[in-house]
Amino acid sequence: MRQLSILLAVLIYAECNSQENLPNIILLIGDGTGLTQISSGMYANNNKTALESFEYIGLSKTHSFDQLITDSAASGTAIASGVKTYNRVIGINPKNIPQKNILEICQEKGYSTALLATSSIVHATPASFYAKVKSRYQYQDIALQLSEHSLDLFIGGGKTHFIKRRDKRNLINEMTEYEFVNNLDQIVNNNSKKMAYFTYMEEPPSRLEGRKPALEDMTSTSIRKMESLGKPFFMMIEGSQIDWAGHDNDMKYLLSEFKEFNRTIARVIEYAKKDRNTLVIVTADHETGGLALSGGSLKKNTVKGVFSMEGHSATMVPVFSYGPNAEIFKGIYENTEIFDKMLMAITK
Ligand code: MG
Ligand code: ZN
């Protein structure tokens, strides 16, 4: 009996101890951000990028279940849930079975969770971390699913999908657990556990057009909020419009969006270096525009890009990792393995 109770005590201790040691995960997704987007942003930024402080680099194969060229729904689902699916599908596998995603698995392990995007919060990439829909364009269904989800914090555009609805429901009124705020300061100076900040009614404008707040400030504030909740946290941060600049074949737009994403990565790394128990992963869902870096000036920090298409390309995209278990992200693998590796990082 005494031996049994000692064994039990040891087991309980081990369990508590492993809970305490669970790492935070901050996943940054640069939508449409291939190696050329990174190279262009780096040369245009005095030949520097925050990605240089990462410890390990891998390459991810981005194809969807049946197409060489993925869209952001299938690739978002691959990263979030570890399954290849059809383009346009979010959170559901090819056999029509809804999948649990990494954010939800983290929640079950007691994590706090947050999603930040420079698009609307119902757009394909962030939606891949809470929604299960056959089409990424079912924005009102996606909004409804978010309203019923137990996410702790989200910041992004798209308020309209929550209040101007065919079913006449006002989801914001229904989300009674949430405190809705109008600026970042209100997130920090608030004891409410669940919070949301709609930055824009529709899709946010570009950074060049004056989008506010800056993604790096959204990030710093959200990290402070997550820390105040006193539990490990999972956060996905999307630089959404690098992809839109690629679709527009607009280099100036692309560079300004990438620079903001780069400043955001710098903030996250700064935090991770201090915290010492935060796994940081930076990757892309696919490349956009088939961009080639065809010229420029090293002295003037200018770059000349040539796009070969207006859609996504099938090239592999880099995965940068830093922190506990970062080494498992090196090598060449399917995008679904990013999910597998994140899962491994919080279970081993
Ligand atoms: Mg996206
Ligand atoms: Zn795209």
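The following conversation goes through the metal sites, one helix and some aromatic contacts of this predicted model.

Reader: Before we start, what conventions apply to this model?
Author: This is a predicted model, in which local features need pLDDT of at least 70 and side-chain atom pairs count only at pLDDT 80 or more, while totals for chains, interfaces and linings use all residues. Residues are numbered from 1 along each chain as its sequence is written, chains are lettered from A and ligands numbered from 1 in the order in which they are written, and side-chain values use heavy atoms, with hydrogens and water left out.

Reader: Which protein donors does the magnesium ion (ligand 1) have?
Author: They are D31 (OD), T125 (OG1) and E238 (OE), at 2.0 to 2.2 Å from the ion. Donors here are N, O and S atoms within 2.8 Å of the metal (3.2 Å for Na, K and Ca); water is not among the atoms, so sites may look incomplete.

Reader: And what spacing do those donors follow along the chain?
Author: The spacing is D-x93-T-x112-E. T125 in helix 5 (residues 124–127) and E238 in strand 7 (residues 233–239) are 113 residues apart, a pair that links distant parts of the chain. Helices (H or I, at least four residues) and strands (E, at least two) are DSSP runs, numbered from the N terminus.

Reader: Is T125 buried or exposed?
Author: T125 is buried, at a relative accessible area of 1%, and E238 is buried too, at 0%. Buried means under 20% relative accessible area, exposed over 50%, and partly exposed in between (1.4 Å probe, protein chains only).

Reader: Now the zinc ion (ligand 2): which residues are its protein donors?
Author: D243 contributes two OD entries to the donor list, and H247 (NE2) and H312 (NE2) complete it, at 2.1 to 2.4 Å from the zinc ion. The donor residues are spaced D-x3-H-x64-H in sequence.

Reader: What arrangement do the four donor atoms make?
Author: It is irregular, because the angles they subtend run from 56 to 151°. Four donors count as tetrahedral if all angles lie between 85 and 135 degrees; four count as square planar and six as octahedral if opposite donors are over 155 degrees apart and all others between 65 and 115; anything else is irregular. For reference, ideal angles at a metal are 109.5 degrees for four tetrahedral donors, and 90 or 180 degrees for six octahedral ones.

Reader: How are D243 and H247 separated within helix 11?
Author: They are four residues apart in helix 11 (residues 241–247), so about one helical turn separates them. D243 counts as buried at 6% relative accessibility, whereas H247 is partly exposed at 29%.

Reader: Changing topic, how many residues of helix 3 are buried?
Author: Of the 10 residues of helix 3 (residues 72–81), 10 are buried, so the helix is largely enclosed by the rest of the structure. What covers them includes strand 1 (24–30), helix 4 (102–108), helix 5, strand 8 (278–283), strand 12 (312–313) and helix 13 (336–347); such contact means heavy atoms within 4.5 Å.

Reader: Which residue caps the N-terminal end of helix 3?
Author: D71 does, with a side-chain oxygen 3.2 Å from the backbone nitrogen of A73. Just after the helix, G82 takes a positive phi of about 75°.

Reader: What about V83: where is its place?
Author: V83 is in the loop between helix 3 and helix 4 and counts as buried at 16% relative accessibility. Not counting residues up to four places away in sequence, V83 touches T77, A78, N93, Q99 and T336.

Reader: Finally, how many aromatic pairs does the count come to?
Author: The count is 12 aromatic pairs. Rings of Phe, Tyr and Trp (its six-membered ring) pair if their centres lie within 6.5 Å; planes under 30 degrees apart count as stacked, over 60 as edge-to-face and the rest as tilted. F65 and Y86, for instance, are edge-to-face, at 5.2 Å centre to centre and 80° between the planes.

Reader: Which residues form one aromatic cluster?
Author: F154, F162, Y178, F180 and F198 do.

Reader: And over the face of which residue does K341 lie?
Author: K341 lies over Y333, at 4.5 Å from the ring centre. A charge sits over a ring if NZ of Lys or CZ of Arg is within 6 Å of the ring centre and within 35 degrees of the ring normal. K341 is in helix 13 and counts as buried at 10% relative accessibility.

Conventions:
Polar contact = N/O pair within 3.5 Å; in protein donor to acceptor, adjacent residues only side chain to side chain.
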